[in-house]
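Student: I would like to learn how to read a structure like this one, feature by feature. Can we go through it together?
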Amino acid sequence: MSRADTMHGHALITAKNVDLSNCDRELVQYPGAIQGHGAMLIVDEAGYIIRQASENCAALIGRPAADLLGKNIEEVFGPRAPEMLEQLNRMSLENGPVHVVRESFAGSAMGVNIFAHRCDGALILELEVISSQPSEPTAHLYSQVRETIAMLEATSGVQNCFDLAVQRIRSFTGYDRVMAYRFAEDGSGQVVAEAKCDTLEPYLGLHYPATDIPAPARRLFGLSWLRHLPDVDYVQARLVPETNPVTGRPVDMSYAILRSVSAMYTGYLKNMGVHSTMVMPLMKEGELWGLISAMHHSGPRHVPYEARMAAEFLAHMLSMLMAGKENAESYSQRLHMTAVTDQLVEALCRDPNLHACLGSPDAPVTLLSLLPAQGAAVVSEGRVSLLGATPSRNDVIELAAWLSTQNQLVFNTDRLPEMFPAAAQYKSVCSGILSARVSTKSPEFLIWFRPEQIEVVNWAGDPKKPVKISEAEGELRLQPRNSFALWKESVLGRSEPWKRSEKEAVANLRQAILDIIISRAEEIQRINQRLSQANEELDSFAYVASHDLKEPLRGVHHMASFLKRGKELELSDASMEQVDTILKLTRRMDDLIESLLQYSRTGRVELVLEPTNLDALVDEAFVPCRRLLNETGADLRRPAPLGSAICDRVRIREVLTNLISNALKYNDKEERWVEIGVEDANPPRYYVRDNGIGISEESTDRIFEIFRRVHDKDKFGGGNGAGLTIARRTIERHGGKLWVESEVDQGSTFYFTLSPETP
Ligand code: ADP
């Protein structure tokens with residue numbers, strides 16, 4: 001733990017509160033000390049007075065730190081000071097260290113590169129020792145970088161760019177190993193490219209738990225383009241005094257080149273046999289996307305400033321190229337998804353059936369065309385359509401029920417079994433789902449499935465035990481794991497994660513579907529309004545017309561009766577027969593008009609809804625059928641009581657009478673029977689069943705048309721064909737349904753309900 005923790009009142013980590021988040025809390029930007037290969041001066045810009053100095057100043061610039069405090073920097077830099085100050089005034093010092101000048105001091109054999117930057121109200125001067133290792137001539141480095149950039153630009157695909165970049169960075173930094181490292185959303189990482197000397201064990205493909213690079217360290221990586229640690233065994237030099245007397249705070253070294261690093265980090269590196277590192281962030285749209293990490297195993301390595309600049313420049317270029325190439329890849333995927341969405345929406349505009357347009361394997365485009373998934377399902381109107389590799393129909397129904405409890409319009413997870421344990425059963429086809437709810441009322445969903453990524457991840461340690469605690473020298477402290485042995489862990493129950501663009505495409509499709517549904521519903525409402533208006537008009541027309549027809553018809557009837565009675569003797573037999581026919585036809589016409597009137601009345605008259613004992617109502621309905629019952633000798637079956645229901649008793653009695661008399665009439669069997677009962681459903685289904693002549697399939701709709709009779713005209717007597725039309729209208733006015741199931745020669749069952757179906 002750094003001392004800054006205690007200075008800032010942060011709780012010390014003890015055996016009791018130790019957990020992984022402690023690593024995240026370590027305040028790495030306030031170490032109060034620097035690495036020993038340079039010196040640091042903290043300068044108050046008002047008067048350029050030195051306020052703090054590193055304790056190694058004596059060795060590096062020939063004067064002890066205590067001597068420097070309170071002095072103007074001119075005293076340190078002598079005749080070079082004016083030139084330096086002029087440089088400092090010209091430079092922008094807010095974006096991290098810039099190289100000011102190369103200097104060597106009397107009393108010290110080593111030359112230094114001087115870097116300056118401003119942070120938290122202080123001017124920070126860093127004097128980095130120029131390494132004795134021969135550095136590449138700058139011109140040579142420049143041509144190498146230029147050549148590498150040209151090669152990177154010509155390389156296709158993100159992976160090839162990485163492979164090339166790590167090789168080149170290794171070649172001009174001379175590191176034993178250079179890796180490109182990519183962060184996943186959960187903070188864990190994977191080595192995606194590596195260049196190394198042959199003797200080293202490869203790390204390519206290894207996954208690292210998120211705790212390996214704690215959040216504060218990740219934040220710092222994002223702040224500076226390059227972090228160099230020449231020697232993990234460095235002797236640190238503390239700042240004197242500890243706190244800046246001007247600001248009253250310890251120095252924020254977030255950007256400093258020489259910042260002393262966390263003991264956890266050096267301990268971790270030592271355990272890996274690493275002596276020196278150089279790390280460059282890979283940024284995408286301001287976010288830390290990954291790292292280029294160079295490691296030296298064969299000893300300390302101080303990379304000269306010029307080579308560092310070249311590497312930094314390359315990492316910068318790589319970030320931009322990679323972002324560009326990744327964006328191009330995701331742009332073409334987005335274009336594809338937009339095109340598929342348009343096609344799906346077009347199909348839905350022609351036919352709003354989700355199953356036919358999105359979930360039928362015969363359709364030219366389906367849900368599976370939209371995005372990479374191995375299976376998909378449409379759950380709508382109580383039906384399930386499945387495409388590709390999916391859980392079973394019942395599993396999908398249960399999953400949809402669970403999804404409807406999640407209260408999310410678009411839902412996604414790449415680890416379903418963790419959230420919904422029942423999914424563990426079918427994780428091999430579905431460990432990840434992306435779904436869209438397409439109805440606000442009923443649980444209707446579009447769902448995409450991704451299988452378990454049977455991914456054997458090479459964790460760089462035991463992810464369940466990522467740190468070890470040791471009690472060395474009586475002091476309790478956290479240590480990173482001291483073994484870097486390969487650890488293999490299967491990531492079970494996890495699928496490839498869903499990309500943001502994929503979730504957006506699904507959200508867009510969902511919105512388009514809802515728009516279509518809403519405009520359809522509005523259209524249906526408009527049509528319904530027009531229809532009920534037309535019905536009303538038709539009803540009143542039928543009423544007026546039939547009413548007005550009755551009058552002249554009555555006249556015709558009277559005249560014919562009069563003719564028959566008065567002139568009986570004068571008419572020939574043939575004429576008399578014709579008069580009889582007129583009388584018969586007028587009676588028939590009267591009957592038709594009466595039915596028409598009754599039909600129009602059914603549409604207009606207010607229903608009198610009241611709790612009604614249906615069994616008593618059936619008894620009453622039988623009264624008009626009694627003669628027919630006696631004549632046919634039919635057996636009457638009433639297997640169970642119907643109970644009661646809320647309905648208009650007069651109208652429903654008429655319906656029952658009609659159904660019972662039809663059941664008795666349209667029957668040619670020796671032993672006839674009629675059964676009246678109820679089937680348990682919601683709402684209950686009442687029925688009248690017979691063993692009569694039955695109705696062919698093509699006639700089952702026609703029998704409900706007014707004045708339509710479908711049996712042999714000379715048989716079965718019967719009425720005028722209006723009974724069922726009126727019965728259906730009555731039932732529909734109750735909110736119920738009337739329908740028939742029948743088989744020719746076997747019999748028919750007429751069902752009806754008295755209230756709407758509940759979803
Ligand atoms: P109607 O009985 O006055 O002819 P309906 O509207 O009641 O008129 O019935 C229409 C037609 O449906 C009948 O003419 C008959 O052809 C057929 N039908 C009705 N009920 C039955 C039944 N139970 N079995 C067979 N056919 C039937």
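Student: Which strands does helix α6 lie across?

Tutor: First, a caution: this is a predicted model. Helix α6, residues 81–90, lies across β4, β5 and β6. α6 runs at about 170 degrees to β4.

Student: Which other helix lies across β4, β5 and β6?

Tutor: Helix α11, residues 305–350. α11 runs at about 45 degrees to β5.

Student: How do I read the sheet itself? What is the order of its seven strands?

Tutor: Start with the general idea. Strands of a sheet pair through backbone hydrogen bonds, either parallel or antiparallel. Here the order is β1-β11-β3-β2-β6-β5-β4, the sheet is open, and the pairing is antiparallel.

Student: Which strands stand at the edges?

Tutor: β1 (33–34) and β4 (98–104). Each has a single partner strand, so one side of each is left without a neighbour in the sheet.

Student: Take one pair from inside that order. How many bridges join β2 to β6?

Tutor: Six, between β2 (residues 38–44) and β6 (residues 122–129), and the two strands run antiparallel. For the register, look at V43: L123 in β6 stands opposite.

Student: Now the aromatic residues. How many aromatic pairs are there in the whole structure?

Tutor: A search finds nine. To read one, take the distance between ring centres and the angle between planes. F115 and Y305 have 5.1 Å centre to centre and 70 degrees between the planes, an edge-to-face pair. F115 sits in strand β5 and Y305 in helix α11, 190 residues apart, so to classify this pair as a link between distant parts of the chain is to follow the fold rather than the sequence.

Student: Are F115 and Y305 buried or exposed?

Tutor: Both are buried.

Student: What arrangement do the rings of W402 and F420 adopt?

Tutor: Their centres are 4.9 Å apart and their planes stand at 25 degrees, so the pair is stacked. W402 belongs to helix α14, residues 393–403. F420 is in the loop between α15 (416–419) and β17 (432–437), 18 residues away. Both W402 and F420 are buried.

Student: Which residues form a cluster with W402 through ring pairs?

Tutor: F411 and F420. F411 also has a place in a sheet: its bridge partner in β17 is S435. That bridge leads us to the strands β16 and β17, which pair in the antiparallel sense over four bridges.

Student: What is the strand order of the sheet with β16 and β17?

Tutor: β15-β14-β18-β17-β16, an open sheet of five strands with antiparallel pairing. β15 (383–388) and β16 (410–413) stand at the edges. Each has a single partner, so one side of each lacks a neighbour in the sheet. Neighbouring strands are turned by 10 degrees against each other on average, direction ignored.

Student: Which helices lie across strands of this five-stranded sheet?

Tutor: α14 lies across β14 (375–380), β15, β16, β17 and β18 (445–450), at about 115 degrees to β18. Helix α16, residues 500–566, lies across β16, β17 and β18, at about 25 degrees to β17.

Student: Next, helix against helix. At what angle do α20 and α21 pack?

Tutor: About 140 degrees, with the axes 9 Å apart. α20 covers residues 649–665 and α21 residues 723–733. The crossing is left-handed. From α20 the contact takes R651, I652, V655, N658, L659 and N662. From α21 it takes G723, L724, A727, T730 and I731. These residues divide into six nonpolar, four polar and one charged. The general idea helps with the spacing: an α-helix has 3.6 residues a turn, so residues three or four places apart point the same way.

Student: And a single residue? Why does T586 count as buried?

Tutor: The cut-off is under 20% relative accessible area. T586 has 6%, so it is buried. T586 lies in helix α17, residues 573–604. Leaving out residues up to four places away in sequence, T586 touches L553, V556 and H557. The C-alpha atoms of T586 and V556 are 7.4 Å apart, with their positions 30 residues apart along the chain.Student: Where does S293 lie, and which residues is S293 in contact with?

Tutor: S293 lies in strand β13, residues 287–296. S293 is buried, with a relative accessible area of 11%. Beyond neighbours within four places in sequence, S293 is in contact with R177, V178, M179, M278 and V279.

Technical notes:
Residues numbered from 1 in each chain as written. Predicted model: local features only at pLDDT ≥ 70, side-chain atom pairs only at ≥ 80, totals over all residues. Heavy atoms only, no water. Axes fitted to C-alpha atoms, helices over the stretch in contact; angles between N-to-C directions. Left-handed = near helix turned anticlockwise from the far one by under 90°. Contact = heavy atoms within 4.5 Å. Nonpolar A, V, L, I, M, F, W, Y, C, P; charged D, E, K, R; others polar. Pairing = 2+ DSSP bridges. Phe/Tyr/Trp six-rings, centres within 6.5 Å; stacked < 30°, edge-to-face > 60°. Buried < 20%, exposed > 50% of the residue type's maximum accessible area, 1.4 Å probe, protein only.
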